[in-house]
Amino acid sequence: MRKANFTGKLEDLLVEAADGWLAGGALSGPERDEALDQIVDWLGAGIVLLAIAVPVLAISLNLPLAIAGGFYAASVPLAACGLLAGTGSLTAGRLTALAACGLGMAALAVSTGGLGSPFLLLAALLPFESAFARRGLRCVVAGLVASAAVVSAAAIASFSGVVSAVPANATAATLVFLVVYCSARALSLSAAPRVVEEEPVEDEEPEAAAFDPSDIFDRLPGLVTLHDRNGQVIRAAGADRKAFIDWMGDPVGNHFLARIHISDRIAFLDAFDALRRGESRRRVELRMERLGSGEPQFSHLAVDLMAECTEEGAFLGAVVQSRDVSELVENRTQLAGAVAQAENANDAKSRFLAAVSHELRTPLNAIIGFSDILAREYFGTLANDRQREYVGLIHRSGHHLLSLVNTMLDMSKIEAGRYELVAETFPLSESVENCVAMLGLQAEEKGVTLTKRLARDAGEIVADRRAIQQILINLVGNAIKFTEPGGVVSTDIERAGDALRIVVSDTGVGIPKDQLARIGEPFVQGQNSLSRNYEGTGLGLSLVKGLVSLHGGSFLIESREGEGTSISIELPANGEGMSSGDVVHDQMLAFPPRLSAEPGKDGNEQESDNDATARIA
């Protein structure tokens, strides 16, 4: 930006006054900077003309006429400033100043002798002043035209006989004015910064261009509006200003507020009032009405309001940046609808499982009871062994189906957050003994050795006895099912700090590494050529994970295909991690829990190509 020809406090005052003239205008960027410099020059010229014209004219004219002439000379730049600030046109302001100067000189020449007036020489200054204002051929031509118009007016007045006599000392006053003018102009030219062109130096990178922040608002994304303290828009900028104005209209004045959806205006006004009360910034989302008949009717905007204050903290207005987020809002709405639909489907599935499970239990109890009566031959001996075999199959199948139904019912309760835990203190060894006693016959019939090892310091645990029993039965039952005859299934109980660790391991078929991450999902089993031959729905480990999670415990599974599987569970011994029914649902949204790597017992990561370790949070 070109500096004014005045320094110190006077220059600061002139710049502040010029900025005030342009405060409500529509100029921005380089055009506003040029207009600001021009107004500073004109204001300075007005002060100089008032200081020079009065004493110079007093040499030849009486004092009232000299004062009137001085005020007229000073009013010319002020009139040009007002026209420039009002219209934003530099050309209009400069032409107005030139015309007013010519008119004043013509009046002075006619009143002091017409063509014989020494003051007529001042008309020669008009082309120079026009060229100084803006260098260019058009400006010089305009100055010459104005000078010729002054001479023509003096000539017409002289030939018409309406001129006054040449006053005394007019020549001396003219010479004094020319000397003072030339001196002032020489000082202004010498004070102007000179641009020295330096020859480029080889092997040196050119200096980076200085960052010009004058048009920073035009570089910001979206629409940037400047609001005064009353909320009126005094300027619009922004990289997307044209696109916004195309569907919004000109936001200057109160049009910005008028375009906001009527139900969102309160939010915007409240945010603006918060800035007035001292907040530095606010953000709101608004719906803005679109002009015309196009679709959609409204655009969704994310609006950031930033306060502009004086150094003393007085509120001046706000800078408001608006960005169109209609697509984001639409995606958010679609996502919310999809989530609601998924939640409804999940709830419907849980309700279906619960309802079906309840309905199946009644006939299953009858099937099991009646088949048990037939098997015991309470009402007569069966005719042959084939009948006894079929009755036994019906009885065992009924028990198996009832166990499956109970598992599905428990799963639906866990997912719905309605599984109730009853905390009590009991030795964990009792649950292990009961589990071994219940599944010992099954292991013996299959030819699998069932062992248990209990640490002396295992002690008691605070937990739900039924849930712990179900965890052990599911884990040991799974291990027996996937272990070939001659294999071993072990159950170990040990203390791990403030927790108790249950480890169930087997020498069975193992789990493929690529399937290990999915083990524990409902209705999923490890799929390989061997495990496909085993019955089951894949709900056992899912139920175990859910029950362990309700107790605030952790789950670790390690397996090598063809070598066996080891499942380790840690439960807080004091029961502090147990969840109530109203908390379980939030914990089970990610059911089944995700698997992540777990360090080995010695504190180091252990992993090989044939070994997979996963931990469930």
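This is a tour of one structure, stop by stop, with what to select at each stop. The model is predicted.

**The whole chain**

Start with everything shown as a cartoon. The protein has 617 residues, and buried residues make up 39% of them. Its secondary structure comes to 18 helices and 14 strands. Of the contacts with a separation of 6 or more, 65% are between residues 24 or more positions apart.

**The five-stranded sheet**

Now select strands β1 to β5. These five strands form an open sheet, and the order across it is β2-β1-β5-β4-β3, with antiparallel pairing. Strands β2 and β3 (281-289) are at the edges; each has a single partner strand, so one side of each has no neighbour in the sheet. On average, neighbouring strands are turned by 25 degrees against each other, ignoring direction. Strands in a sheet pair through backbone hydrogen bonds, in a parallel or an antiparallel way.

Add helix α12, residues 326-376, to the selection. This helix packs on the sheet and touches β3, β4 (298-309) and β5 (315-324). The direction of α12 makes about 120 degrees with that of β4.

**The hairpin of β1 and β2**

Select residues 223-228, which are strand β1, and residues 233-237, which are strand β2. The two strands run antiparallel and are joined by four bridges. To see one pairing, pick L226, whose bridge partner in β2 is R235. The strands form a hairpin with four residues between them. In the turn, look at G231, which has a positive phi of about 95 degrees.

Is β2 enclosed or open, given that it is an edge strand? Four of its five residues are buried, so β2 is largely enclosed by the rest of the structure. An edge strand lacks a neighbour on one side within the sheet, but other parts of the structure can still cover it, as the burial of β2 shows.

**Strands β3, β4 and β5**

Move to the other edge of the sheet. Strands β3 and β4 pair in the antiparallel sense over nine bridges. Select L286 and then L301, its bridge partner in β4.

Strand β4 is also joined to β5 by nine bridges, again antiparallel. Here the pair to select is D304 and its bridge partner in β5, Q321. The hairpin of β4 and β5 has five residues between the strands, and G313 takes a positive phi near 100 degrees.

**The loop between α10 and α11**

Select H261, which lies in the loop between α10 (255-259) and α11 (265-276). At 18% relative accessibility, H261 counts as buried, because the cut-off for buried is under 20%. Leaving out residues up to four places away in sequence, H261 touches R287 and F298.

In the loop between α10 and α11, select D264 as well. Which residues does D264 touch, not counting those up to four places away in sequence? They are L286 and R287. The C-alpha atoms of D264 and R287 are separated by 6.8 Å, although the two residues are 23 residues apart along the chain. D264 counts as buried, at 14% relative accessibility.

**After helix α12**

Follow the chain past α12 and select E377, in the loop between α12 and α13 (385-416). Most residues other than glycine have a negative phi. E377 is not a glycine, yet it has a positive phi of about 60 degrees. Its relative accessible area is 24%, so E377 is partly exposed.

**Two helices that cross**

Select helix α15, residues 465-481, and helix α17, residues 540-550. They pack at an angle of about 145 degrees, and their axes are 9 Å apart. The crossing is left-handed. Show side chains for the contact: on α15 they belong to A467, Q470, I471, N474, L475 and N478. On α17 the contact residues are G540, L541, L543, V544, L547 and V548. By class, the contact has eight nonpolar residues, four polar and no charged ones.

**Two cysteines**

Finish with C309 and C435. Which is buried and which is partly exposed? C309 counts as partly exposed at 40% relative accessibility, while C435 counts as buried at 3%. A disulfide is a covalent bond between the sulfur atoms of two cysteines. The structure holds zero disulfides.

Note on methods: Residues are numbered from 1 along each chain as its sequence is written. This is a predicted model: local features need pLDDT of at least 70, side-chain atom pairs count only at pLDDT 80 or more; totals for chains, interfaces and linings use all residues. Side-chain values use heavy atoms; hydrogens and water are left out. Axes are lines fitted to C-alpha atoms, for helices over the stretch in contact, and angles run from 0 to 180 degrees between N-to-C directions. A crossing is left-handed if the near helix is turned anticlockwise from the far one by less than a right angle, and right-handed if clockwise. Contact means heavy atoms within 4.5 Å. Ala, Val, Leu, Ile, Met, Phe, Trp, Tyr, Cys and Pro count as nonpolar, Asp, Glu, Lys and Arg as charged, and the others, Gly among them, as polar. Buried means under 20% relative accessible area, exposed over 50%, partly exposed in between (1.4 Å probe, protein chains only). Two strands pair if DSSP finds at least two bridges between them. A disulfide is a pair of cysteine sulfur atoms within 2.5 Å.
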